[in-house]
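Notebook open, model loaded. I want to go through the sheets and then the cavities.

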Amino acid sequence: ECVSGCVCPEGLFDDGRGGCVEEEDCPCTHNNEWYNHGRSIAVDCNTCTCQKGVWSCTKNVCYGTCMIYGSGHYITFDGKFYDFDGSCEYVATQDYCGDKNSGGSFSIITENVPCGTTGVTCSKAIKMFLGKTELKLENKDYKEIQRDIGDDVHYWNKTVGLYLVIEASNGVMLIWDKKTTVFIKLTPDYKGKVCGLCGNFDDKSNNDFTTRSGLQETNALAFGNSWKQSSMCPDVTEEIKPCDVKPHRKSWAEKECSLILSEVFKICHSKVDPSPFYDACVHDACSCDSGGDCECFCSAVAAYAQECTKAQACVFWRTPDICPIFCDYYN
């Protein structure tokens with residue numbers, strides 16, 4: 001912190017780095033990194049500029065993003081990270097919230113199925129309801145089903161690199177890697193108006209565990225169970241720890257996933273905390289024991305890399321040996 005005191009000559013300030021500077025040259029800190037006066041950084045969709053030791057930021061209202069990936073990992077619109085392994089269809093997010101008569105324009109359902117012998121589940125299919133249109137994303141493709149009721153909501157689809165992107169005229173965007181990773185983006189108009197496993201998008205993460213009946217839960221299992229689509233599905237009663245079930249896989253999983261904590265991602269560590277992504281990676285690498293080991297590991301590392309990119313830390317982590325992608329094919 002830029003302070004005056006007995007360290008520096010009168011009129012100069014200690015810059016926190018062992019030097020003395022004039023007030024207008026005071027640096028700012030963000031995530032343990034120093035930035036000189038005049039430097040700008042991007043924080044989500046806003047730009048912050050260091051001015052005399054204080055950050056001055058633009059006040060744009062940003063898109064919200066919810067991420068579901070691997071075997072039951074969720075990051076809500078408000079940034080809450082939790083795990084939920086249920087084998088059923090669940091409401092990821094929708095704007096049919098509140099009283100029974102309130103209308104809505106969209107609903108996104110995730111169908112979770114076991115993705116190994118330990119009991120953890122992965123997202124196998126996504127259903128997206130836009131007015132009277134239902135889109136089902138499954139087996140690397142999607143199909144459209146027209147229903148009788150509802151409004152006309154227009155949508156566009158395009159393929160961007162590995163991802164299928166569906167963008168609707170009502171401000172909802174879905175990005176799918178054709179495997180187990182889904183990003184849901186919403187315009188700021190939906191702030192505080194959505195519900196489901198992705199939370200309520202009100203900029204507060206401590207109330208994201210709001211159940212279908214509107215109660216606040218502290219437990220991810222009770223919260224997740226409330227959003228199942230069918231009462232026929234059994235409730236999840238205990239959190240599955242696949243590395244305890246398959247201890248012989250644990251050391252392999254930890255060795256592979258240490259990539260997230262390694263020098264390769266060093267520039268990102270101060271911007272995005274790697275520890276929950278590392279834990280999720282070990283969990284997935286232990287659980288995918290019926291084929292697809294590498295796919296589970298790669299999805300877990302890619303999830304961290306994606307958050308790094310959002311924080312302006314672009315990391316080139318794929319190699320011919322680690323999760324290669326044949327760019328010629330995707331281009």
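Before I list any linings, a note to self: a cavity here is a set of grid points where a 1.4 Å probe fits but cannot get out, and a lining residue has an atom within 4 Å of a point. Also, this is a predicted model.

**Entry: second largest cavity**

I looked up the second largest cavity first and got a volume of about 40 Å³. Its lining takes in Ile-68, Tyr-69, Gly-70, Gly-72, His-73, Tyr-74, Asn-112, Thr-121, Cys-122, Ser-123 and Thr-180. Which elements give two or more residues to this lining? I found S8, S9 and strand S13 (121-130). S13 gives the most, with three residues. By class I get four nonpolar and seven polar residues, and no charged ones.

**Entry: largest cavity**

How many cavities of 30 Å³ or more are there in the whole structure? My search turned up two. The largest has a volume of about 50 Å³. I noted Asp-83, Phe-84, Asp-85, Leu-221, Glu-239, Ile-240 and His-283 as its lining. That lining splits into three nonpolar, one polar and three charged residues.

**Entry: the seven-stranded sheet**

Next I traced the open sheet of seven strands, and I read its order as S10-S9-S8-S19-S18-S17-S16, with antiparallel pairing. Why is one side of S10 and of S16 left without a neighbour in the sheet? Strand S10 (81-83) and strand S16 (155-160) are at the edges and have a single partner strand each, so there is nothing in the sheet on the other side. Neighbouring strands are turned by 15 degrees against each other on average, direction ignored.

I then checked one pair in detail. Strand S18 (residues 172-176) and strand S19 (residues 182-186) are antiparallel, with five bridges between them. Trp-176 has Val-182 of S19 as its bridge partner.

What packs on this sheet? I found helix H5 (residues 275-287), which touches strand S8 (64-69), strand S9 (73-75) and S10. The direction of H5 makes about 160 degrees with that of S9.

**Entry: the three-stranded sheet**

Last, I looked at an open sheet of three strands, ordered S5-S6-S7 and paired antiparallel. Strand S5 (40-43) and strand S7 (54-57) are the edge strands, and each pairs on one side only. The twist averages 35 degrees from one strand to the next. I counted four bridges joining S5 to strand S6 (residues 46-51), and the two run antiparallel. For Ser-40, I have Thr-49 in S6 down as the bridge partner.

Technical notes: Residues are numbered from 1 along each chain as its sequence is written. This is a predicted model: local features need pLDDT of at least 70, side-chain atom pairs count only at pLDDT 80 or more; totals for chains, interfaces and linings use all residues. Side-chain values use heavy atoms; hydrogens and water are left out. Two strands pair if DSSP finds at least two bridges between them. Axes are lines fitted to C-alpha atoms, for helices over the stretch in contact, and angles run from 0 to 180 degrees between N-to-C directions. Contact means heavy atoms within 4.5 Å. On a 1 Å grid over the protein atoms alone, a cavity is a set of points where a 1.4 Å probe fits but cannot get out, and a pocket is an open set with protein on both sides within 12 Å along at least five of seven lines; lining residues have an atom within 4 Å of a point. Grid points are joined across faces, edges and corners, and a volume is the space filled by probe spheres set on the points. Ala, Val, Leu, Ile, Met, Phe, Trp, Tyr, Cys and Pro count as nonpolar, Asp, Glu, Lys and Arg as charged, and the others, Gly among them, as polar.
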